[in-house]
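Welcome, and thanks for taking a look at this one with us. Below is a short briefing on a helix, the disulfides and the cavities.

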Amino acid sequence: MASGLRSLRAVTAVLYARAMRRTAKMMSLLGFVVMAGAGPACGPPSEPAATPPPPAAVATMGKYSVALGRSVQEILTGAAPPQWLTCADPKTDIRSTQKSERDKFAILGPAPQLVMSGLKVSLSSGGKESSGAFVDGRTLTGPNEKVTWVELTGQTGSMRVPFDNRAKLADLAAPLGPDLQAFVGGLSGSCQASLLEEADLDALPYEVSKDERDAIMVGMRRVKDNLRGSCGAAAAGQGPWEVHFHHADLVFRGAGHMARVRTRLHIEGTSVCAGPIEIEQLIAG
């Protein structure tokens, strides 16, 4: 849900000319489901530590995404963060979220609603000693806890090297390690992935307009057209797969407004912790 919409610039330009206010809202949603770039290196620069794994109730990647979103909401409304989101250094993790960000979020009223949650990840196999294989993706998960992929690309044999802050999927605590391993297995085996469908838009607690829907599905057709490239990269992986987490993007709605929120993620030990929360965009909607 970031602001860059490289793959849909032409579409959004036309829509903007037709309905300026509506397109502003559409851009906010579409940035979540199209490629927007990874941004700078993610998470606080601390030494690996024993960040606690998510609780047993967070048993799937979908449940994790929703629990992360609701925890962020609670933190922005004054609650202490759960231990499974904290890093070694409280001065640079989610506990250091600025009061100004909480003040911005307050415009959504006392009971904001989570609309969607997503994770931006980069998977790599082969390490820095070989040409390697890479799969990059972004998920979208609604409150129904169904994980769909809205961005997916694959690379092999390039000059690219893996990100430094990464962990082997086999070592990463559940549910992220096992579920991402199953995701890579689906790509490399039967070339299957749960991509966003129109029915998934219907399940969101937000009425997606026809213009929004059409533009989103244009982007998803491109993801589907490129699926075999991602599958080929997954099948070409040599050695264990590793993952780097860029950030979590979240969308909330309340009191006639919508907020796009981001927290950068960092692996410490076998778990993932979160950096300070940032309100990236507030719009009427």
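**Helix α5 and what follows**

Right after α5 comes C191, a residue with a positive phi, near 55°. The model you are viewing is predicted, and this cysteine is a handy place to start, as it turns up again among the disulfides.

- Helix α5 covers residues 176–189, 14 residues in total. From first C-alpha to last it reaches 20 Å, close to the 20 Å expected at 1.5 Å a residue.
- Buried positions in α5 are L176, G177, L180, F183, V184, G186 and L187. As a reminder, an α-helix has 3.6 residues a turn, so residues three or four places apart point the same way.
- L176 has a second role, as one of the residues that line the second largest cavity.

**Disulfides**

- Searching the whole structure turns up two disulfides. With the bonded cysteines numbered in sequence order, they pair 1-4, 2-3.
- C87 is bonded to C273, with an S to S distance of 2.0 Å. This link is right-handed, with 100° about the S-S bond. Because C87 sits in the loop between α3 (61–76) and α4 (99–105) while C273 belongs to strand β7 (residues 271–284), the pair ties together parts that are 186 residues apart in sequence. Both C87 and C273 are buried.
- The other bond joins C191 and C231, whose sulfur atoms are 2.1 Å apart. The C191 and C231 link is right-handed too, with 90° about its S-S bond. Here C191 lies in the loop between α5 and α6 (198–202) and C231 in helix α8 (residues 227–236), so distant parts of the chain, 40 residues apart, are linked. C191 is buried, as is C231.

**Cavities**

- How many cavities of 30 Å³ or more does a search of the whole structure find? There are four.
- The largest cavity holds about 60 Å³ of space. Its lining is made up of L140, T141, G142, N144, K146, T148, D200, A203 and L204. By class, that comes to three nonpolar, four polar and two charged residues.
- The second largest cavity holds about 50 Å³. Around this cavity are P54, Y64, W84, L172, A173, A174, L176, T270, S271 and V272. This lining has eight nonpolar and two polar residues, with no charged ones.

Terms used. Residues numbered from 1 in each chain as written. Predicted model: local features only at pLDDT ≥ 70, side-chain atom pairs only at ≥ 80, totals over all residues. Heavy atoms only, no water. 1 Å grid on protein atoms, 1.4 Å probe; cavity = no way out; pocket = protein on both sides within 12 Å on 5 of 7 lines; lining within 4 Å. Points joined across faces, edges and corners; volume = space filled by probe spheres on them. Nonpolar A, V, L, I, M, F, W, Y, C, P; charged D, E, K, R; others polar. Helix = DSSP H or I, 4+ residues; strand = E, 2+ residues; numbered from the N terminus. Expected span 1.5 Å × (residues − 1). Buried < 20%, exposed > 50% of the residue type's maximum accessible area, 1.4 Å probe, protein only. Disulfide = S-S within 2.5 Å.
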